[in-house]
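This report concerns the pairing of charged and aromatic side chains in a single model. Please consult the sequence and coordinates shown here alongside the text.

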Amino acid sequence: KQWYQRRVPITAGVRAMLNTAVQIRDGAISYSTGKNVEDSDQELVHRLFSSVGLTLEAEEKHLDAIVGLSGSAPAYFYLILEALSDAGVRHGLSRDVSTRHASQAMLGAARMVLESGRHPGELKDEVCSPGGVTIDAIYSMEKAGVRAAMMDAVDACIKRNYELARLNQ
């Protein structure tokens with residue numbers, strides 16, 4: 001039985017993970033249905049969730065990973081945007097201009113990945129000219145452990161999610 005079927009005496013159920021961007025209808029939602037959910041109900045759930053963002057059906061066992069990857073990700077990106085904005089301010093840009101440029105760059109990069117279907121590393125490599133400024137910036141980020149820090153953040157979130165789930169059993 002799925003966790004919600006053990007805790008709640010219902011005959012059919014849906015477990016979902018979404019992120020806060022659903023507030024502007026640009027979120028990400030993953031859901032898992034119980035074995036007693038009718039096909040017509042599952043279609044309804046998918047249509048309802050699709051009205052507020054990308055909607056993917058997931059296996060129950062993957063929803064905890066989705067919490068760390070997508071559910072909490074807006075906070076990770078806000079932190080990155082704030083740091084980029086701070087860097088712009090540090091170099092003389094206004095907070096507004098700095099934040100708007102950083103936000104649009106992040107939005108554009110995300111759309112490039114989603115709409116092109118290409119791997120993020122391939123798109124990154126297209127921005128990095130040999131001997132150029134961007135590859136130096138990437139080198140600096142790799143040296144500082146940015147990639148590992150992002151992966152560790154997802155791991156920490158998933159671990160804490162497991163801990164909280166055990167507390168609620």
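## Side-chain pairs

A total of 11 salt bridges is counted in this predicted model. In general terms, side chains of opposite charge can pair when their charged atoms come close. Three of these contacts are set out in the table, each with its N to O distance.

| Salt bridge | N to O distance |
|---|---|
| D64 and R15 | 3.2 Å |
| R111 and E115 | 2.8 Å |
| K124 and D125 | 3.2 Å |

The bridge between D64 and R15, with N and O 3.2 Å apart, joins distant parts of the chain. D64 belongs to helix α3 (residues 63–71) and R15 to strand β1 (residues 14–18), with 49 residues of separation. Both D64 and R15 are buried. These two residues also take part in a wider arrangement, since a network of salt bridges links R15, E60 and D64.

The contact between R111 and E115 has another setting. Both residues are found in helix α5 (residues 95–116), where they are 4 residues apart, about one turn of the helix. Are R111 and E115 buried or exposed? The cut-offs are under 20% for buried and over 50% for exposed, with partly exposed in between. R111 has a relative accessibility of 47%, and therefore counts as partly exposed. E115 has a relative accessible area of 59%, so this residue is exposed.

The side chains of K124 and D125 also meet in a salt bridge, at 3.2 Å from N to O. K124 is classed as partly exposed because its relative accessibility is 30%. D125 likewise falls into the partly exposed class, because its relative accessibility is 48%.

Attention now turns to the aromatic side chains. How many aromatic pairs does the structure hold? The structure contains 1 such pair. This pair is formed by Y31 and F49, whose ring centres are 5.9 Å apart and whose planes meet at 50°, so the arrangement is tilted. The reasoning rests on the plane angle: under 30 degrees would count as stacked and over 60 as edge-to-face, with the rest tilted. Distant parts of the chain are linked by this pair as well, for Y31 lies in strand β2 (residues 27–33) and F49 in helix α2 (residues 39–50), 18 residues apart. Y31 and F49 are both buried.

Conventions. Residues are numbered from 1 along each chain as its sequence is written. This is a predicted model: local features need pLDDT of at least 70, side-chain atom pairs count only at pLDDT 80 or more; totals for chains, interfaces and linings use all residues. Side-chain values use heavy atoms; hydrogens and water are left out. A salt bridge is a side-chain nitrogen of Lys or Arg within 4 Å of a carboxyl oxygen of Asp or Glu. Helices (H or I, at least four residues) and strands (E, at least two) are DSSP runs, numbered from the N terminus. Buried means under 20% relative accessible area, exposed over 50%, partly exposed in between (1.4 Å probe, protein chains only). Rings of Phe, Tyr and Trp (its six-membered ring) pair if their centres lie within 6.5 Å; planes under 30 degrees apart count as stacked, over 60 as edge-to-face and the rest as tilted.
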